[in-house]
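Here are some exercises to work through with the structure open beside you. Try each task before you read its solution.

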Amino acid sequence: MSDTAKVVPIGRGRRPARRPRVKTEPGVLERRVDELERELRAERQAKRGDSLLVALARAVSSGAGALDWASLGRLQRALYFAWHSEETDAYGADARFGEALEPFFEFLYAMWWRVEATGTENVPARGAGLVVANHSGVLPYDGLMLQLAIKHEHPARRLCRMLALDMFALLPVLAPLLSKSGSVRASPENAERLLREGELLGVFPEGVKGIGKRYRERYKLARFGRGGFVRVALRTGTPIVPCAIVGAEEIHPVVGKADWLGRPFGLPYFPLTPTFPWLGPLGLLPLPTKWSIDFGEPIDLREHGPEGAEDPILVNRIAESVRETIQKMVDGRLARRRSVWFG
Amino acid sequence: MPRLALTGTASFLGGRLLRRLVAERGADAVLAVDIAPPPTTLQGVRHRMLDLTLPGADRRLVELFREEDVDTVFHAAFFTTPRRDTSYAHELESIGTLHLAAAAAAAGVRHLVLRSFTAVYGARGQNPSFLTEDKRPDSGSRLAWVRDKAEAEEHAFSFSRRYPGLGVTVLRFATLLGPGVHSFYTRLLSKRAVAVLLGYDPLLQLLHPDDALEAAMLALAQGPSQVVNVVPRTPLTLLTALHLADKVTLPVPHPVAYPLAELWWGTGVGEAPAGFLDYARFPFVADGAKARRTLGFEPRYTSRQALEAFLAYRYPETRRPAAAEPEPAEAGAGEIGA
């Protein structure tokens, strides 16, 4: 650096047309960005921890006798804003919430399921994209892992908004969790709006049929809805990125179903696994299988034009071909896999 | 000069609108129609006392519109707060609008503007992230409060279809919150502890009254433009709102909360019937793109600013009002939700 700085001419009032650029190795910039990001996060965390600690300390020092509504309210406020930001985006995604839960999901991603993501370069770095994947695993862990895979392994670090099933938008705890981590309810209006805004979307067209299937039907992709995702992609001219998730089928092996048990709670299915509900809350612990998330070549639909969306035969044909592509990717992965636990 | 008739001038929005119209167009251009006279501070405003729930109201309205040469009607006689007396609310909102629309059509009124609520879409888990104007109101709602408003809109549109001379604008305002607002929302926000549903945190839209007034004025200037949502710039979540107001939240599981709320309402203690729990459970965020397109309405406040303006008004001793001022520098950023 110092030898380039020596020869800057003064006077003339003109800058040299070209400055000698410092050549950097390809990894340096990325590493620097990572570093800065980590620093920023640590700083924010320290600040947050501080305010929470202060609030707690105040509550403790004032004692139980001095506990009144106002201080309780302030304490609750500090607790809430410790892991929520004061503003969300228009769809309800909360950046701080995602950050606060990230260590947990990162643990699941890197240690518990040891996710191996390939082909992330197929996900568009800019503009709209529709990632279509197979759904499995009773609870929507696969969506969260898909989101993390794109966030961590794709150079653009994009937020992939998942289109969540209706049932998850109705359930307590899960509904705000999904919406704050950037998911929106799966509806054609939402999908079209987001794609027109140039967002990256992830969708599981199998829906409930995919996520709640029995263990013996594992890795057999169910029907792809009514092709709604194809219609939206055609209308907006968005490329479809097929994605195969392997390993999620075995985290909660569904050996039987007792749907009548779930009905009073508004659940569309009630799975019986080797551990749930026999072990109680412990049965909710997903099994530590080895996952892989493969992104395939993007499928460009622009040749059909937006009017192709009105052709049901074409829509069904495209939906079926996407399903076959993903099925092939899953089968290829399964053929290479030697162990459920170690890949 | 043709006049503008304004009903529901005793309501918050109607009263504010009356003041604004008198200030801008002069007292002679406005006619207040309400069972209560307008405040004495507004001098020279023409007022006709009329009860919309009475059987002969439509006949009297026709006479009145003809006598006073009315060509535009702004109908703001709706209840923001649910009433225990649902049959009276039905008579006023649904039947009253029927009378008003019939009279407006018969008297050759050109433009009928209805004050409505984004809550008429109904709060449901299946709602899209942004409700657009083409979504039908939830006329099968379990809340009489919502059904009456949906019916009122339907009456206005059916007369508009039969009498093409009568143009209709329905302004669906998001929940009003700001200085001077008194509704059951503000009563909930004045309590020390608020019960919330365990595990739910939907997005809310809180509209500052200044924005609502601006949109109403633009709609009057624009002419008939069917249904238009009037919403703030950005939404915020329910728990964020409650915690910004330093409330203690008491989470209640929803299977228990509904019967409890019904009991609470039935015994006369609760602020609202159990159906309103849906609005604390699921989002009903409306899209403001049409207001921008057709009315040229650009909201100045976000939901958070509306909330802070209200808190500064409600708790002047602890809240600084400065925080509630909209920042012009921010315009342009983050108005997707508006």
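The exercises below deal with a predicted model, and each comes with a worked solution.

**Exercise 1. The interface**

Task: Describe the contact of chain B and chain A: how many residues take part, and how many salt bridges are there between the chains?

Solution:
- Start with the residues: chain B brings 32 to the contact and chain A brings 30.
- Next, take the area. About 2,700 Å² is buried between chain B and chain A, and carbon and sulfur atoms give 56% of that.
- Now look at the charged pairs: five salt bridges are counted between chain B and chain A. One to find on screen is B:Arg304 with A:Glu86, where the closest N and O atoms are 2.7 Å apart.
- Polar contacts across this interface come to 14 residue pairs, with both residues at pLDDT 80 or more.
- Finally, see which elements supply the chain B side. Both α7 (238-244) and β13 (248-252) of chain B give at least two residues, and α7(B) gives the most, with four residues.
- Sorted by class, the side of chain B that touches chain A holds twelve nonpolar, twelve polar and eight charged residues.

**Exercise 2. A sheet in chain A**

Task: In what order do the strands of the open seven-stranded sheet in chain A run, and which are the edge strands?

Solution:
- Walking across the sheet in chain A, you meet β1-β9-β6-β2-β5-β3-β4, and the pairing is mixed.
- The edges are β1 (116-118) and β4 (184-185) of chain A, each of which pairs on one side only.
- For a closer look at one pair, take β2 (residues 129-133) and β6 (residues 240-246) of chain A: they run in the parallel sense over four bridges. Within β6(A), A:Cys243 is the bridge partner of A:Ala133.
- As background, the strands of a sheet pair through backbone hydrogen bonds, in either a parallel or an antiparallel way.

**Exercise 3. Two residues of chain A**

Task: Are A:Arg161 and A:Pro312 buried or exposed?

Solution:
- Locate A:Arg161 in strand β3 (residues 160-164) of chain A. Its relative accessibility is 3%, so A:Arg161 counts as buried, the cut-off being under 20%.
- Beyond its neighbours within four places in sequence, A:Arg161 is in contact with residues including A:Asp89, A:Tyr91, A:Glu199 and A:Gly202.
- Then move to A:Pro312, in helix α12 (residues 312-336) of chain A. Its relative accessibility is 51%, and the cut-off for exposed is over 50%, so A:Pro312 counts as exposed.

**Exercise 4. Salt bridges within a chain**

Task: Which parts of chain B does the pair B:Asp210 and B:Arg16 tie together?

Solution:
- First, for comparison, visit a pair within one helix. A:Glu192 forms a salt bridge with A:Arg196, with the closest N and O atoms 2.9 Å apart; both lie in helix α8 (residues 188-196) of chain A, four residues apart, about one turn of the helix.
- A:Glu192 is buried at 18% relative accessible area, whereas A:Arg196 is exposed at 53%.
- Now turn to chain B, where B:Asp210 and B:Arg16 form a salt bridge, their closest N and O atoms being 2.8 Å apart. B:Asp210 lies in helix α6 (residues 209-222) and B:Arg16 in helix α1 (residues 12-25) of chain B, so the pair ties together parts 194 residues apart in sequence.
- A further bridge joins B:Arg20 to B:Glu214, at 3.2 Å between the closest N and O atoms. B:Arg20 is in helix α1 and B:Glu214 in helix α6 of chain B, 194 residues apart.

Terms used: Residues are numbered from 1 along each chain as its sequence is written. Chains are lettered from A and ligands numbered from 1 in the order in which they are written. This is a predicted model: local features need pLDDT of at least 70, side-chain atom pairs count only at pLDDT 80 or more; totals for chains, interfaces and linings use all residues. Side-chain values use heavy atoms; hydrogens and water are left out. Contact means heavy atoms within 4.5 Å. Buried area is the accessible area (1.4 Å probe) that two parts lose on being put together, summed over both. A salt bridge is a side-chain nitrogen of Lys or Arg within 4 Å of a carboxyl oxygen of Asp or Glu. A polar contact is a pair of N or O atoms within 3.5 Å; within protein, one must be able to donate a hydrogen and the other to accept it, and residues adjacent in sequence count only if both atoms are side-chain atoms. Ala, Val, Leu, Ile, Met, Phe, Trp, Tyr, Cys and Pro count as nonpolar, Asp, Glu, Lys and Arg as charged, and the others, Gly among them, as polar. Two strands pair if DSSP finds at least two bridges between them. Buried means under 20% relative accessible area, exposed over 50%, partly exposed in between (1.4 Å probe, protein chains only).
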